[in-house]
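Reader: I've got a fresh model open and would like to talk it through with someone. Can we go over it piece by piece?

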Amino acid sequence: NVWNLIETLYKDQTLEKEELVFLLEHRDEETASCLGELARKEAQKIYGNKVFPRGLIEFTNYCKNNCYYCGIQASNRNISRYRLSQEQILSACQNGYDLGYRSFVLQGGEDPYFSDERMVPVVEAIHESFPDCAITLSLGERSLESYQKLHAAGGRRYLLRHEAISPRLYGKLHPEKMSLRHRIQCLYDLRTAGFQVGTGFMVGAPFQTLENLADDLLFIQKLHPQMTGIGPFVPHHDTRFRDFAAGTAELTIFLISILRLMDHHLLLPSTTALGTIDPSGREKGILAGANVVMPNLSPTDVRKDYALYDNKICTGEEAAECIGCLSQRVESIGYQLEFSQGNYRP
Ligand code: SAM
Ligand code: FES
């Protein structure tokens with residue numbers, strides 16, 4: 001039964017696929033709170049009651065891809081496109097640095113404008129200006145050589161969600177010319193290039209089954225990344241998935257706990273999407289085993305244009321307000337923000 005499965009998961013740090021499906025199928029408030037407590041304790045053994053903030057800079061919303069779920073996909077003509085200049089990116093970092101951040105994430109659509117010739121100098125400039133900060137990149141699929149150049153420039157971590165390990169589901173979420181095989185190859189290339197790697201998926205994506213989720217969990221276990229980002233799917237009004245329901249906070253949080261119990265060391269964000277569908281979603285995520293938050297450091301005037309989904313929180317706030325808000329939230333549940341690089345602890 002479910003309780004035996006929880007015990008096995010806790011002891012062995014893994015379950016068979018069928019067992020994961022059974023656990024997900026039979027989850028309820030009681031099992032969720034038990035898993036959450038176990039997960040929280042394991043996270044605390046390694047990371048204490050600390051949550052690592054990473055300042056997120058959304059530096060371009062141009063994208064050549066058409067992921068069916070995503071609000072900034074190439075075919076969306078209803079958003080205004082922007083690219084931040086190197087000066088704007090550096091000034092966002094400076095603003096973050098002054099607020100205490102020592103960890104930055106540069107994220108964007110897959111924007112061909114940011115070739116290696118343009119991207120490498122940006123990463124180098126951040127690395128030189130803020131040598132005591134960790135730089136995470138999230139630029140999508142690139143070549144191994146490109147990853148090697150970005151690593152040499154000072155990038156240390158890279159976030160690339162695999163999105164769905166089932167080829168069938170991946171195919172329902174992406175146009176035909178996007179290849180799951182290539183995306184997975186990129187994750188291994190990133191590791192070859194020397195990056196600490198982060199992957200992940202959306203919870204409650206259209207057509208996703210519990211079996212799909214079990215496969216995703218087992219893929220992550222096999223890949224053994226340093227970071228895993230999961231958040232609920234949230235519909236965007238300009239996409240073909242506009243009428244699909246959002247994923248739930250409840251299932252997202254349950255999966256956070258399972259991920260934590262499968263890998264006690266993981267850097268595991270409580271995502272903005274989770275805070276969007278539930279006002280206390282990020283706090284609940286932390287209490288269920290998450291240990292990272294990624295507040296927005298992008299200039300306020302472009303934030304609403306990086307709308308991956310509808311009703312995204314924090315698009316009107318200044319960076320300083322977000323950090324004040326988040327530290328209050330985190331403290332309200334007995335945690336503290338730790339303004340360090342927030343390194344993985346093996
Ligand atoms: N272009 C890079 C890439 O593809 O990895 C990074 C940017 S991409 C917008 C970042 C993540 O946003 C994706 O991995 C996806 O999981 C998530 N995302 C996109 N649309 C979403 C939606 N409607 N709801 C929730 N998450 C979404
Ligand atoms: Fe941005 Fe709360 S974290 S306003």
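**Pockets, cavities and a ligand**

Author: Sure, and let's begin with the largest pocket, which has a volume of about 210 Å³. Keep in mind that this is a predicted model.

Reader: Which element gives the largest share of the lining of the largest pocket?

Author: Three helices each bring at least two residues to that lining: α3, α10 (249-262) and α12 (281-287). Among the lining residues are D28, E29, A32, E250 and K284. The largest share is five residues, and it comes from α3.

Reader: And by class, how many charged residues does the lining of the largest pocket have?

Author: Take the classes in turn. Four lining residues are nonpolar and two are polar. The charged ones, by the count for this pocket, number five.

Reader: Now the closed spaces. How much space lies in the second largest cavity?

Author: The structure holds three cavities of 30 Å³ or more. For the second largest cavity, the lining includes R40, Q44, K50, I286, N291 and Y335. The space inside comes to about 50 Å³.

Reader: Which element gives the most to the lining of the second largest cavity?

Author: Two elements supply at least two residues each, namely α3 (29-47) and β1 (50-53). By class, the lining is made of five nonpolar, four polar and two charged residues. With three residues, the element that gives the most is α3.

Reader: On to the ligand. Which residues come nearest to ligand 1?

Author: There are 19 residues around ligand 1. By class, that shell divides into 10 nonpolar, five polar and four charged residues. The ones that come nearest are Y69, G108, R161, E163 and V234.

Reader: How far is an oxygen atom of ligand 1 from an N or O atom in the side chain of E163?

Author: Let's go through the polar partners. A backbone N or O atom of Y69 lies 3.0 Å from a nitrogen atom of ligand 1, and a polar backbone atom of L308 is 3.4 Å from a nitrogen atom of the ligand. With E163 the side chain takes part, and its N or O atom sits from a ligand oxygen at a distance of 2.5 Å.

Reader: What share of the area of ligand 1 does the protein bury?

Author: Start from the ligand by itself, which exposes 570 Å². Of that area, the protein buries 93%.

Reader: Let's look at some single residues. Is H264 buried or exposed?

Author: H264 sits in the loop between α10 and α11 (272-277). The side chain of H264 makes a polar contact of 3.4 Å with the side chain of E42. Its relative accessibility is 13%, and the cut-off for buried is under 20%, so H264 counts as buried.

Reader: And E16, buried or exposed?

Author: E16 lies in the loop between α1 (2-12) and α2 (17-25). The C-alpha atoms of E16 and L261 are 14 Å apart in space, with the two positions 245 residues apart in sequence. The relative accessible area of E16 is 52%, and anything over 50% is called exposed, so E16 is exposed.

Reader: What is the phi of F207, roughly, and how accessible is the residue?

Author: F207 is not a glycine, yet its phi is positive, at about 70 degrees. Its place is the loop between β6 (196-203) and α9 (210-223). With a relative accessible area of 43%, F207 is partly exposed.

Reader: What about C314, then: buried or exposed?

Author: C314 also shows a positive phi of about 70 degrees without being a glycine. You'll find it in the loop between α13 (300-303) and α14 (319-332). Its relative accessibility is 16%, so C314 counts as buried.

Reader: One more: what is the relative accessible area of L213?

Author: L213 belongs to helix α9. Its C-alpha atom is separated by 22 Å from that of A43, a residue 170 positions away along the chain. L213 is buried because its relative accessible area is 1%.

Key: Residues are numbered from 1 along each chain as its sequence is written. Chains are lettered from A and ligands numbered from 1 in the order in which they are written. This is a predicted model: local features need pLDDT of at least 70, side-chain atom pairs count only at pLDDT 80 or more; totals for chains, interfaces and linings use all residues. Side-chain values use heavy atoms; hydrogens and water are left out. A residue is near a molecule or strand if one of its heavy atoms lies within 4 Å of it. A polar contact is a pair of N or O atoms within 3.5 Å; within protein, one must be able to donate a hydrogen and the other to accept it, and residues adjacent in sequence count only if both atoms are side-chain atoms. Accessible areas come from the Shrake-Rupley method with a 1.4 Å probe; for residues, only the protein chains shown count as cover. Ala, Val, Leu, Ile, Met, Phe, Trp, Tyr, Cys and Pro count as nonpolar, Asp, Glu, Lys and Arg as charged, and the others, Gly among them, as polar. On a 1 Å grid over the protein atoms alone, a cavity is a set of points where a 1.4 Å probe fits but cannot get out, and a pocket is an open set with protein on both sides within 12 Å along at least five of seven lines; lining residues have an atom within 4 Å of a point. Grid points are joined across faces, edges and corners, and a volume is the space filled by probe spheres set on the points. Helices (H or I, at least four residues) and strands (E, at least two) are DSSP runs, numbered from the N terminus. Buried means under 20% relative accessible area, exposed over 50%, partly exposed in between (1.4 Å probe, protein chains only).
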